[in-house]
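The exercises below are meant to be worked through with the sequence and the model open side by side. Each task is followed by a solution that proceeds step by step.

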Amino acid sequence: MGWFWGWGGRNNQNDPAKSLDNDLKQFLDEQQPRPYVPAEAPKAPETPSPKPPEQALPDTNKSFEDRALPKESLFQDGRYRDLWKTYVPQNEMAVATTTPVERVLAARKDRRQTIHKAALENCAFEEDIQQQCFKTSDLSKRLKGRMTMCHEETKAFNRCYTLQAKFLQALGYMTSSTTSDEDEEKIQMHADKLYHRMMDYEAEVDGARRENRPIPPLSSLFNSKRPAPTLEQMALPKPMEEKLKKPLSDYPPHERELVARAALQEAKLTDLTFGEAIGKFLIPDPPKDPSIKSWSIDQLERDIWQDEKNAPASTKKEGSSSSQAK
């Protein structure tokens, strides 16, 4: 503030600041900027930060002289044995480089892709009809297909793929690591058989409606000698039904059993693969509600698909009568 009051080069006797009050002088002195004092740099911590534990990876340079040839070798007679001395199986590498949750998620993704491939194989006939609609040599049929975008053929192929995938899920396709490829192929063939049985029933229903005949009785998809379970028997828990695309009552009567069984099979697979610890981490507990009752997947399956020994007498009579009618 010296430049403002004329301090320095001028005479102090003519300084107008002398006539100011002491409190005002003190206030003006307090308003002057303080000298800049740089802050001290923070000191580095003396203790070094702990390093993350290094992950032990399999030694790919280690030689196994006395180990038998792995199954990946195409020459089990001993040829090229020296090339397999340092081989590390893929599952050992996956265990060392991934977490359990990552391995479970990868297995579920591989299973979805396998089901997708198997469903496409079972729907090869419907897919071929769709392709012929687009690429037929008949000009009139090709023009009609272009105008309608082959709606009927595409609809049939999409429905075949959806139902085939549901049948594969319901039959437990690719749910166990101990089953052989032959067993999985049998499940795929059985899923295709059940799908065509459903298509035959739909054709019978359509024919009965056109001819004003009574609709044929509905039998179980997985046991044709027994009647299909009712909607009350297939009452799924609320958390399980919320995962469906629509309520179970909105599905056609002959598809409800398939949807319910596929949902139960997927829930059972989740319990088996994730387990309680990982399942609690990925799927939190629902809010505590006294109206929500505890349920067991095995108990639900017993309630819906009762054994013939435990089935009531009326159910047995209905099953026998329906089989005789067929």
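The model is predicted, and every value used in the solutions is computed from it.

**Exercise 1. The overall make-up of the chain**

Task: Establish how many helices and strands the chain has, and what percentage of its residues count as buried.

Solution. Begin with the secondary structure, which comes to 12 helices and 0 strands. Reading along the sequence therefore gives the pattern α-α-α-α-α-α-α-α-α-α-α-α. Next, turn to burial: of the 326 residues of the chain, 25% count as buried. Finally, look at the contacts with a separation of 6 or more, of which 61% are accounted for by residues 24 or more positions apart.

**Exercise 2. Salt bridges and their surroundings**

Task: State how many salt bridges the structure holds, and decide for Asp77 whether the residue is buried or exposed.

Solution. The structure holds 5 salt bridges. As background, side chains of opposite charge can pair when their charged atoms come close. In one of these salt bridges the side chains of Asp77 and Arg79 meet, with 3.0 Å from N to O. Asp77 counts as exposed because its relative accessibility of 54% lies over the 50% cut-off. Arg79, at a relative accessible area of 44%, is partly exposed because that value falls between the 20% and 50% limits.

Task: Find which helices are linked by the salt bridge between Glu266 and Arg111.

Solution. First confirm the pair: the closest N and O atoms of Glu266 and Arg111 are 3.0 Å apart. Then place the two residues, with Glu266 in helix α10 (residues 253-282) and Arg111 in helix α4 (residues 100-122), so that the pair links distant parts of the chain, 155 residues apart. Both Glu266 and Arg111 are buried.

Task: Work out which residues are joined into one network by salt bridges that share partners.

Solution. Start from Arg159 and Glu255, which form a salt bridge whose closest N and O atoms are 2.5 Å apart. This pair also links distant parts of the chain, since Arg159 belongs to helix α7 (residues 151-170) and Glu255 to helix α10, 96 residues apart. Their accessibilities give separate classes, Arg159 counting as partly exposed at 28% and Glu255 as buried at 9%. Through shared partners, salt bridges join Arg159, Glu202 and Glu255 into one network.

**Exercise 3. The nonpolar core**

Task: Identify which residues have the most contacts inside the largest nonpolar core, and which elements give two or more residues to that core.

Solution. The largest nonpolar core has 33 residues, and those with the most contacts inside it are Phe167, Leu168, Phe222, Leu236, Leu248 and Leu258. The elements that give two or more residues to this core are α4, α7, α8 (181-210) and α10. In soluble globular proteins, nonpolar side chains tend to be buried together. As a closer look at one core residue, Leu248 is in contact with Leu231, Met234, Glu241, Arg256, Val259 and Ala260, leaving aside its neighbours within four places in sequence.

**Exercise 4. Helix packing**

Task: Describe how α7 and α8 are oriented to each other, and which residues meet between them.

Solution. The axes of α7 and α8 come within 9 Å and cross at roughly 125°. Because this angle lies outside the ranges for roughly parallel, antiparallel and perpendicular, α7 and α8 are oblique to each other. The crossing in which α7 passes α8 is right-handed. Among the residues of α7 that meet α8 are Arg159, Phe167 and Leu168, while the α8 side includes Ile187, Tyr195 and Glu202.

Task: Carry out the corresponding analysis for α4 and α5.

Solution. Helix α5 (residues 124-135) packs with α4 at an angle of about 70°, their axes being 5 Å apart, which makes α4 roughly perpendicular to α5. At this packing, Leu120, Glu121 and Asn122 in α4 meet Ala124, Glu126 and Glu127 in α5. Also in helix α5 is Gln130, which is buried with a relative accessible area of 11%. Not counting residues up to four places away in sequence, Gln130 touches Glu153, Thr154 and Phe157.

Note on methods: Residues are numbered from 1 along each chain as its sequence is written. This is a predicted model: local features need pLDDT of at least 70, side-chain atom pairs count only at pLDDT 80 or more; totals for chains, interfaces and linings use all residues. Side-chain values use heavy atoms; hydrogens and water are left out. A salt bridge is a side-chain nitrogen of Lys or Arg within 4 Å of a carboxyl oxygen of Asp or Glu. Buried means under 20% relative accessible area, exposed over 50%, partly exposed in between (1.4 Å probe, protein chains only). Helices (H or I, at least four residues) and strands (E, at least two) are DSSP runs, numbered from the N terminus. A nonpolar core is a set of buried Ala, Val, Leu, Ile, Met, Phe, Trp, Tyr and Cys residues joined through side-chain atoms within 4.5 Å. Contact means heavy atoms within 4.5 Å. Axes are lines fitted to C-alpha atoms, for helices over the stretch in contact, and angles run from 0 to 180 degrees between N-to-C directions. Angles under 35 degrees count as roughly parallel, over 145 as roughly antiparallel, 65 to 115 as roughly perpendicular and the rest as oblique. A crossing is left-handed if the near helix is turned anticlockwise from the far one by less than a right angle, and right-handed if clockwise.
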